[in-house]
Amino acid sequence: MEKPTNPFGINRYLGAEYFCDREVETNMLLSNIAQQKHTTLFALRRLGKSALIHHVFHLLSKKRNQKCIYVDIYATQNLKDLTNQLAKSIYTIFPEKKGIGKSFWEYIKLFRPTLSVDELTGAPELSLDIAQPKQLEKTIPQLLTFLDQQNIKIVIALDEFQQILTYPEKNIEAILRTVMQQLQNVTFIFCGSNQTMMHEIFNSAKRPFYGSCSNLHLEPIERKVYHDFITKMFLNDTYKIQDDAIEYILDFTNGYTYYTQRLCHDIFEQKQKTVTRENINQVILSIFYEMKGNFFQYRNLLTPTQWHLLNALALEERVTQPYTRHFIHKYNLGSSAIVKRSLESLIEKEMVYKNGDTENVHYAVYDKFLMRWLQRK
Ligand SMILES: Nc1ncnc2c1ncn2[C@@H]1O[C@H](COP(=O)(O)OP(=O)(O)OP(=O)(O)O)[C@@H](O)[C@H]1O
Ligand SMILES: [Mg+2]
């Protein structure tokens, strides 16, 4: 990978040198893959799930006899979309011309594939012509069985896996689970951010996936480790950044990965010999300026009660007991029933997250920039 102009990645994986920590998680994934154990990876949004998968896949790319297939199913709405997305991801890893790619192409001819190109990205788009629901149910198992027979080890990451719960077809887990039990060479990583949904899929004794995977959970990167990483990234390019400036950044972002990366990315772009608090404040203001339109848009999309609660949560940063009289009175939120309804709705819209185990639950605004912006008003 060539040296990036900015060491803080915000929209793509830049390589192992620019990837902070996650050593324990990386090793666990590598070890699960080596043992062909399936993994579920779940965490709040923007903490670095997808980046971790790309990192692990990058490390595995050096291994012969091992191929990694990444499938993002965020935009899929039904089994047919999922099937096409999987077929496309396989096609991307095994191009048509030779070896497995050649046999794959021969194989999927059965399904009359149409190949096109995404005009914006230049990436291939593949769609299979499957009209019969019965055939559709068989296609993913067939594709996976095909892969299984190629005498190489394959890892498939299904990112945003909770999306399957929104499909009209309710048997996706059963279809996958059945074929998974027959596969010898294919290992899965199921990745998702919606805690409740991922929990429902994997930890409910009534459902097909119960007990079938090893669970991996991401927390924010340890503060000291992130601190040292930031120092190093600046120093590599001979810029200086004082310890208290880094602490200021990490306080501002609560150490959440995306917000920290984004802030550092923009600060780095300023190319100051020595980064001061004033430089950081300037960058924060320009981020606010850029996001302001979105933030006001949120206000229009939420009811006044929801907006009001969002403000209260932002001011408190994290709330453990949103139904207490103290909290309700302090922010004039009406009644606990109103708070409950609004909170559920904010969680569903992913404006607020609920985190922690049952005894230690807390609620907070998801977007840390929005949280800081609301605190200023
Ligand atoms: N360990 C890391 N070191 C450096 N940058 C990272 C790290 N983890 C994540 N990032 C960066 O932080 C941003 C958010 O990470 P990523 O998109 O992987 O999060 P996510 O958990 O998949 O989020 P979402 O739930 O929204 O899909 C990305 O720009 C990514 O490049
Ligand atoms: Mg992701």
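A polar contact is a pair of N or O atoms within 3.5 Å. In this predicted model, an oxygen atom of ligand 1 lies 3.3 Å from an N or O atom in the side chain of Glu160, and the table sets this pair beside two others.

| Residue | Part of the residue | Distance to an oxygen atom of ligand 1 |
|---|---|---|
| Ile10 | polar backbone atom | 2.7 Å |
| Arg45 | polar side-chain atom | 2.8 Å |
| Glu160 | N or O atom in the side chain | 3.3 Å |

Taken alone, ligand 1 exposes 620 Å², of which the protein buries 88%. The space that ligand 1 takes is the largest pocket, and the elements that contribute two or more residues to the surrounding shell are helix H2 (49–60) and helix H10 (257–269).

Which residues are the closest to ligand 1? Among the 20 residues that surround ligand 1, the closest are Ile10, Cys20, Lys49, Ser50 and Ala51. Sorted by class, the shell around ligand 1 holds 8 nonpolar, 7 polar and 5 charged residues.

Where does ligand 1 lie with respect to domain 1 and domain 2? Because domain 1 (22–217) and domain 2 (222–294) both give residues to the shell, ligand 1 lies between them.

Notes
Residues numbered from 1 in each chain as written. Chains lettered and ligands numbered in written order. Predicted model: local features only at pLDDT ≥ 70, side-chain atom pairs only at ≥ 80, totals over all residues. Heavy atoms only, no water. Near = heavy atom within 4 Å. Polar contact = N/O pair within 3.5 Å; in protein donor to acceptor, adjacent residues only side chain to side chain. Areas by Shrake-Rupley, 256 points an atom, 1.4 Å probe, with all protein chains shown as cover. 1 Å grid on protein atoms, 1.4 Å probe; cavity = no way out; pocket = protein on both sides within 12 Å on 5 of 7 lines; lining within 4 Å. Sits in = over half its atoms within 2 Å of the grid points. Helix = DSSP H or I, 4+ residues; strand = E, 2+ residues; numbered from the N terminus. Nonpolar A, V, L, I, M, F, W, Y, C, P; charged D, E, K, R; others polar. Domains from an automatic or database assignment.
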